[in-house]
Amino acid sequence: MLLLASSPAGAETVKATLAAARGEVTINGGKPGQPLPVTMKVGAVLKTGPNSSAILIPVPGQTVFVDQNSEVEIKTCEMTPGENSSWTRRSSCNLKKGRVQCAIAHPKAGASYLDVVTPKGTLKAHGTGFATWSDENSTRTAVYAGVVT
């Protein structure tokens, strides 16, 4: 179960973007092959079939590569304005099954946070690159750069 703290004051919910898709990729059980890019609201479920993949941008500066036979639900996509035109970017997704590979750019100002919730735990990343695989029995993680807790 994912428990999220209340949104920071001034946080704006934004829509994620499905930027690229290959093969059988569906949103909320719809038909594959929608023209890209496609915007996705919080709560949307993205599924990839065999030999399929997708690139999801939850908020600017974050990229989630969704591998074949995966299912991801978007939980949070927020941007909060800060001082000196900076933004704090926060997103989270629920990896129900399959594999995602995530990359978070280091913003020049502000911060960027990405959480991936799996059936076995939550991975929290800040300015890093990592991949995680999950099924009903286990969660595995590979960190390419930075720190994932």
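These questions and answers walk through a predicted model, from one buried serine to a network of charges and a pair of strands.

User: Is Ser-53 buried or exposed?
Analyst: Ser-53 belongs to strand 6, which covers residues 53-57. Buried means under 20% relative accessible area. Ser-53 has 8%, so Ser-53 is buried.

User: Which residues is Ser-53 in contact with, leaving aside its neighbours within four places in sequence?
Analyst: Ser-53 sits in strand 6. Its close sequence neighbours are set aside here, within four places. The contacts that remain are Ala-20, Ala-21, Arg-22, Val-25, Thr-48, Phe-65 and Val-66.

User: How many disulfides does the structure hold?
Analyst: A disulfide is a covalent bond between the sulfur atoms of two cysteines. The sulfurs must lie within 2.5 Å to count. In this structure the number of disulfides is zero.

User: Which cysteine sulfur is nearest to that of Cys-77, and how far away is it?
Analyst: Cys-77 is buried, at 1% relative accessibility. Cys-77 takes part in no disulfide. The nearest cysteine sulfur is that of Cys-93, at 8.9 Å.

User: Why does the sulfur of Cys-93 form no bond with the closest cysteine sulfur?
Analyst: Cys-93 is buried too, with a relative accessible area of 4%. The cut-off for a disulfide is 2.5 Å. The closest cysteine sulfur is in Cys-102, and it is too far for a bond because the distance is 5.9 Å.

User: How many residues apart are Lys-96 and Glu-71?
Analyst: The structure has five salt bridges. One of them joins the side chains of Lys-96 and Glu-71, at 3.9 Å from N to O. Lys-96 is in strand 9 (residues 87-104) and Glu-71 in strand 8 (residues 71-81), so the pair links distant parts of the chain. Their separation is 25 residues.

User: Which partner of that salt bridge is buried, Lys-96 or Glu-71?
Analyst: The limit for buried is under 20%. Lys-96 has 35% relative accessibility, so Lys-96 counts as partly exposed. The other partner has 15%, so the buried one is Glu-71.

User: Which residues do the salt bridges that share partners join into one network?
Analyst: Start from Glu-73, which forms a salt bridge with Lys-75 at 4.0 Å. Glu-73 also meets Lys-96 in a salt bridge, at 3.8 Å. That second pair reaches from strand 8 to strand 9, 23 residues apart. Shared partners make one network of Glu-71, Glu-73, Lys-75 and Lys-96.

User: Are Glu-73 and Lys-75 buried or partly exposed?
Analyst: The two residues share a salt bridge. Glu-73 has 15% relative accessibility, so Glu-73 counts as buried. At 30%, Lys-75 counts as partly exposed.

User: How many residues of strand 10 are buried?
Analyst: Strand 10 spans residues 110-118. The strand has nine residues and is mostly covered. The buried residues number seven.

User: In which sense do strand 9 and strand 10 pair, parallel or antiparallel?
Analyst: Eight bridges join strand 9 and strand 10. In one of the links to strand 10, Cys-93 has Val-116 as its bridge partner. The sense of the pairing is parallel.

User: How many residues does the hairpin between strand 10 and strand 11 pass through?
Analyst: Strand 11 covers residues 121-126, and six bridges join it to strand 10. The two strands run antiparallel. Thr-118 stands opposite Gly-121 of strand 11. The hairpin joins the strands through two residues.

Technical notes: Residues numbered from 1 in each chain as written. Predicted model: local features only at pLDDT ≥ 70, side-chain atom pairs only at ≥ 80, totals over all residues. Heavy atoms only, no water. Helix = DSSP H or I, 4+ residues; strand = E, 2+ residues; numbered from the N terminus. Buried < 20%, exposed > 50% of the residue type's maximum accessible area, 1.4 Å probe, protein only. Contact = heavy atoms within 4.5 Å. Pairing = 2+ DSSP bridges.
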